[in-house]
Amino acid sequence: MRDGAAIQDQIPDNHCFGCGPQNDHGLQIKSYWRGENESVCEFTPLPHHCAGPTRYLNGGIIATVIDCHTICTAIADGYRQAGRDTGTGNKIWYATGKLEVQYRAPAEIDEPVELTAKILERTERKTVLSCELKSAGRLCATANVVAVRVPDNW
Ligand SMILES: CCCCCCCC/C=C\CCCCCCCC(=O)SCCNC(=O)CCNC(=O)[C@H](O)C(C)(C)COP(=O)(O)OP(=O)(O)OC[C@H]1O[C@@H](n2cnc3c(N)ncnc32)[C@H](O)[C@@H]1OP(=O)(O)O
């Protein structure tokens, strides 16, 4: 179950490698709200996203999709907290202050990965999130992320 349009399709001017619709060479992940404090994303790896062994997903790609899914969730939450639809009015931007990933099991390259992010804490300046990444129902990575609000000229 997921709510509404993709968060990334509502955030303007995003050229990010992991989540920017404006980046033709990027991963272009899509994230969706699932309720108040949770968001989901499904990403289908391509063969060249592999690790050393071609059957497993590269760890940097795993970190990137977690990074982008959680930061976009923080951005959309920033708009929610301001009482505005995502992407409307003054821009709200967050950058990654901390990204801590634990790689628990390899993710198969030929299976989609499913991410679930949860907002644990929010203040004026930062949002703290956790994230789980599963492949074929198996928990492959968990992460803690600190998203820090930055000015819109960042
Ligand atoms: C890309 C974002 C926005 C710009 C562009 C938008 C256009 C498109 C729109 C949208 C799409 C965006 C999608 C992006 C997705 C991917 C995101 C990335 O990959 S971002 C690139 C990698 N990250 C960096 O390069 C940061 C480099 N670091 C910094 O710039 C600063 O260090 C920064 C902003 C992270 C912190 O700046 P300070 O040091 O001035 O902030 P202080 O006031 O000290 O901290 C504020 C709060 O955050 C906590 N904090 C800061 N860093 C922390 C850390 N490393 N660990 C834990 N907490 C931390 C502090 O403890 C403080 O918390 P307390 O208010 O006291 O509760």
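Biologist: In what order do the elements of the protein chain run from the N terminus on?

Modeller: You read the order by walking along the chain. In this predicted model, the walk gives β-β-α-β-β-β-β. That comes to one helix and six strands.

Biologist: And how compact is the protein chain for its 154 residues?

Modeller: Here you set the radius of gyration beside a rule for globules. The protein chain has a radius of gyration of 15 Å, close to the 15 Å from the globule rule, so it is as compact as a globular protein of that length. Along its principal axes, the C-alpha trace spans about 45 × 30 × 30 Å.

Biologist: What share of the residues is buried?

Modeller: Burial is about how many neighbours crowd around a residue: 20 or more other C-beta atoms within 10 Å makes it buried. In this protein chain, 34% of the 154 residues are buried. Contacts tell you about sequence distance too: of those between residues at least 6 apart in sequence, 63% join residues at least 24 apart.

Biologist: Which residues are closest to the ligand?

Modeller: Look at the shell around it. The ligand is surrounded by 22 residues, with Asn-14, Ile-71, Gly-97, Lys-98 and Arg-125 the closest. Helix 1 (59-81), strand 3 (93-103) and strand 6 (138-150) each give two or more residues to that shell. By type, the shell has 13 nonpolar, four polar and five charged residues.

Biologist: Which residues does the "domain: Thioesterase" annotation cover?

Modeller: That one comes from a record, not from the atoms. The unreviewed UniProt entry places it on residues 57-138. In the model, this span is 28% helix and 39% strand, and its end C-alpha atoms lie 14 Å apart.

Methods
Residues are numbered from 1 along each chain as its sequence is written. This is a predicted model: local features need pLDDT of at least 70, side-chain atom pairs count only at pLDDT 80 or more; totals for chains, interfaces and linings use all residues. UniProt positions are given in the numbering used here, feature names are shortened, and annotations may be inferred rather than shown by experiment. Helices (H or I, at least four residues) and strands (E, at least two) are DSSP runs, numbered from the N terminus. The radius of gyration is taken over C-alpha atoms; the globule rule is 2.2 Å times the number of residues to the power 0.38. A residue is buried if 20 or more other C-beta atoms lie within 10 Å of its own, exposed if 12 or fewer, and partly exposed in between; C-beta atoms are placed from the backbone. Two residues are in contact if their C-beta atoms, placed from the backbone, lie within 7 Å. A residue is near a molecule or strand if its C-beta atom, placed from the backbone, lies within 6 Å of it. Ala, Val, Leu, Ile, Met, Phe, Trp, Tyr, Cys and Pro count as nonpolar, Asp, Glu, Lys and Arg as charged, and the others, Gly among them, as polar.
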